[in-house]
Amino acid sequence: MQYITKSYDETHNLGVEFASKLKEGTLIALDGDLGAGKTAFTTGVASGFGVTETVTSPTFTIVNEYRSGRIPVFHFDVYRLSSMDDLYDIGWDDYVAQNGIILMEWASIVKDDLDYPYYEINITKRLDLGDDVREISIEYRGEKL
Ligand code: ADP
Ligand code: MG
């Protein structure tokens, strides 16, 4: 599915709406340039699950955990990692075992090694259409293509 958003709020709200369709244990792999809106979308998904804490980018911490919602929400940013091995080192299996929602920014860094299924979300700046325009594609990856 392809979507166009024209503001931060529209991207956030798309995340809220998307969350309403998700089951616990879902992995969401996000990619897009710096400032594309990966965190904006993530804040929407988190609030869709009832998270009340402020969701901030985990660039330096790799993962932030939010437990104020209906199920745990784990927000990874793997920009500083180089492979899936780095994720295992910080306890990936323990996060997966908690059966929450996992959102991962810069997922392409580890995507070849992620377990299926997951949602693949790509956000592209459409500067040709305006400074605040983003194209967001959401695809379900049930198994390796
Ligand atoms: P990322 O996590 O991909 O680096 P962020 O979500 O942190 O990006 O930041 C997106 C930036 O782009 C914010 O400053 C936001 O205000 C701005 N912005 C402008 N238009 C949009 C849009 N349509 N969707 C999301 N963010 C937008
Ligand atoms: Mg971000």
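In this predicted model, a residue counts as buried under 20% relative accessible area, as exposed over 50%, and as partly exposed in between.

Q: Is Glu-105 buried or exposed?
A: Let's start with the cut-off: buried means under 20% relative accessible area. Glu-105 has 3% relative accessibility, so this residue counts as buried.

Q: Which residues coordinate the magnesium ion, ligand 2?
A: The donor atoms are an OG1 and an OE, at 2.2 Å from the ion. One donor residue lies in helix α2 (residues 38-48) and the other in strand β5 (residues 101-105), so the pair ties together parts that are 66 residues apart in sequence. The coordinating residues are Thr-39 and Glu-105.

Q: How does Thr-39 count, at 23% relative accessibility?
A: Residues between the buried limit of 20% and the exposed limit of 50% form the middle class. Thr-39 has 23% relative accessibility, so Thr-39 counts as partly exposed.

Q: What share of the accessible area of ligand 1 does the protein cover?
A: Happily, there are several contacts to look at here. A polar side-chain atom of Glu-105 lies 3.1 Å from an oxygen atom of ligand 1, and a backbone N or O atom of Ala-40 lies 2.9 Å from an oxygen atom of this ligand. Of the 570 Å² that ligand 1 has on its own, the protein covers 75%.

Q: Which residue in β7 stands opposite Tyr-119?
A: Strand β6 (residues 118-125) runs antiparallel to β7, and eight bridges join the two. Strand β7 (residues 134-141) also pairs with β1 (residues 2-5) in the antiparallel sense, over four bridges. Opposite Tyr-119 stands Tyr-140.

Notes: Residues are numbered from 1 along each chain as its sequence is written. Chains are lettered from A and ligands numbered from 1 in the order in which they are written. This is a predicted model: local features need pLDDT of at least 70, side-chain atom pairs count only at pLDDT 80 or more; totals for chains, interfaces and linings use all residues. Side-chain values use heavy atoms; hydrogens and water are left out. Two strands pair if DSSP finds at least two bridges between them. Donors are N, O and S atoms within 2.8 Å of the metal (3.2 Å for Na, K and Ca); water is not among the atoms, so sites may look incomplete. Buried means under 20% relative accessible area, exposed over 50%, partly exposed in between (1.4 Å probe, protein chains only). A polar contact is a pair of N or O atoms within 3.5 Å; within protein, one must be able to donate a hydrogen and the other to accept it, and residues adjacent in sequence count only if both atoms are side-chain atoms. Accessible areas come from the Shrake-Rupley method with a 1.4 Å probe; for residues, only the protein chains shown count as cover.
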